[in-house]
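Please open the model in your viewer and keep the selection tool at hand, since this tour goes from one selection to the next. At each stop you will read what to select and what is there.

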Amino acid sequence: MPSTTARAGEWPKQKIAKTDESAVATLIDVDACTGCGACVTACRKRSAALVPMPKLPIPMPKGTRVKVQDWSDRRDETDCLTPYNWLYIQSCTLDTPDGSRQVHLPRRCMHCINPPCVSRCATGAMTQNQRGPVSIDHDFCIGEADCLFACPWMIPRRQSGIGPYLRFAPEYLGNGQTYKCDFCKDTVDQGAAPLCVTACPTGAMHFGPYAEIVRRAAKMAEERDGDVFGYAENSGTHTLYVFSRPFRDIEAALLKQDGLGPGRPSLRPAGVAMARQNRLLRFVLAAPVLGAGLACLRVLRERNGGRR
Ligand code: SF4
Ligand code: SF4
Ligand code: SF4
């Protein structure tokens, strides 16, 4: 078994987390992606209405808590993931036996089968739908960003100066809200494919039942003697990528070409960010009154529907 991605022929024998029968997934064919950005445009059209502008001036947090992050004057940026940009085309030049080629990967939340961002969210704002999509309830997100640090790829992005924390003690608790791809949950709930999938002019993105998507990815990888990313990573995700060459080669090229960093996720399998301590838990232990407030928020959130 490979240490990172799954090579054709070596999977789907690998053990992954069990999914619900109604689970859905997407498959991204990296060989077919031209990097045109139509998917990004489609995503931004929807997300623009979902992310508010911050209240200025943004309250400055006391002590060494998470720093203020303000992307509101960079809302047009599309060359990385931001609170205003939930899908990003990660590109690099890859050396292959047939010469060099440009490779493009649309990157966004992987929608993990067992998402650590959900279990680490202190207010219960981050939830997973029975069918797999992971989303944030912005009535409850206070931007402590534990989801960001729990995520192996640090996908959620934070905007300060917005959300319910402003009503409580903004200098002491919370720091805005985090945002990320929500799998177009409203569209998918109505039985349609996510907007980025339908916008793709080359058919590089596929959507369907999880089991069918896994079978399709396996077949494509076998035919190309290729590689799959997302099947085993972080114990399995609802987003699979297929490519005719190993994903570790893309990761190496991205590293070499300075293509990784905040908002430009790696292709590491998982685990790096998981080793971090739960900063919020430490904070809550040190501040029982605020901890009680957080607990109330979580209870309220769970009463409001919990997992949905
Ligand atoms: S990729 Fe990160 S943000 Fe998305 S579900 Fe997995 S852990 Fe959560
Ligand atoms: S699934 Fe929806 S929210 Fe996620 S990247 Fe695609 S268009 Fe954006
Ligand atoms: S629309 Fe399709 S081809 Fe264009 S960047 Fe997105 S996935 Fe790639």
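Is Gly 132 buried or exposed? Gly 132 is buried, because 23 other C-beta atoms lie within 10 Å; here a residue is called buried if 20 or more other C-beta atoms lie within 10 Å of its own, exposed if 12 or fewer, and partly exposed in between, with C-beta atoms placed from the backbone. Before going on, note that this is a predicted model, in which local features need pLDDT of at least 70 and side-chain atom pairs count only at pLDDT 80 or more, while totals for chains, interfaces and linings use all residues. Residues are numbered from 1 along each chain as its sequence is written, and chains are lettered from A and ligands numbered from 1 in the order in which they are written.

**Around Gly 132**

With Gly 132 still selected, follow the chain to either side, and you will find that this residue is in the loop between strand 5 (126-128) and strand 6 (134-136). Helices (H or I, at least four residues) and strands (E, at least two) are DSSP runs, numbered from the N terminus. Now add Thr 19, Ala 23, Val 24, Ala 25, His 111, Tyr 210 and His 238, which Gly 132 touches when residues up to four places away in sequence are not counted; two residues are in contact if their C-beta atoms, placed from the backbone, lie within 7 Å. Asn 114 is 18 residues from Gly 132 along the chain, and their C-alpha atoms are separated by 9.0 Å.

**The whole protein**

Zoom out and colour by secondary structure, which shows a protein with nine helices and 11 strands. Of its 308 residues, 46% are buried. Among contacts with a separation of 6 or more, 68% are between residues 24 or more positions apart.

**Helix 6 and the core**

Select residues 210-224, which form helix 6, the element that gives the most to the largest nonpolar core, with six residues. That core has 74 residues, and those with the most contacts inside it are Ala 217, Leu 240, Tyr 241 and Val 242; a nonpolar core is a set of buried Ala, Val, Leu, Ile, Met, Phe, Trp, Tyr and Cys residues joined through C-beta atoms within 7 Å.

Within helix 6, pick out the buried residues Tyr 210, Ile 213, Val 214, Ala 217, Met 220 and Ala 221. Seen down the axis of helix 6, these buried residues fall within an arc of 130°, so they line one face of the helix; the arc is that of the directions from the helix axis to the C-beta atoms. The buried residues pack against strand 2 (24-29), strand 9 (205-209), strand 10 and strand 11 (239-243), whereas the face turned away from them carries the exposed residues Lys 219, Glu 222 and Glu 223.

Next select Val 242, which, leaving aside its neighbours within four places in sequence, is in contact with Ala 217, Met 220 and Ala 221, among others including Leu 27 and Val 228.

**Backbone details**

Asp 225 follows helix 6 and has a positive phi of about 50° although it is not a glycine. Asp 225 is exposed, because 11 other C-beta atoms lie within 10 Å. His 111 also merits a look, since its phi is positive, about 55°, although it is not a glycine; with 26 C-beta neighbours inside 10 Å, His 111 counts as buried. For a cis peptide bond, select Leu 56 and Pro 57, which are joined by one with an omega of about -5°.

**The three ligands**

Select ligand 1, around which there are 13 residues, with Cys 109, Cys 112, Pro 115, Cys 117 and Cys 151 coming nearest; a residue counts as near if its C-beta atom, placed from the backbone, lies within 6 Å. This shell divides into 11 nonpolar residues, one polar and one charged, where Ala, Val, Leu, Ile, Met, Phe, Trp, Tyr, Cys and Pro count as nonpolar, Asp, Glu, Lys and Arg as charged, and the others, Gly among them, as polar.

Move to ligand 2, whose surrounding residues include Cys 43, Trp 86, Arg 108 and Asp 182. Its shell has 10 nonpolar residues, no polar ones and two charged.

Finish at ligand 3, where Cys 33, Cys 36, Ala 38, Cys 39 and Cys 200 come nearest of 15 residues, and where helix 1 and strand 4 each give two or more residues to the shell. By class, this shell has 10 nonpolar, five polar and no charged residues.
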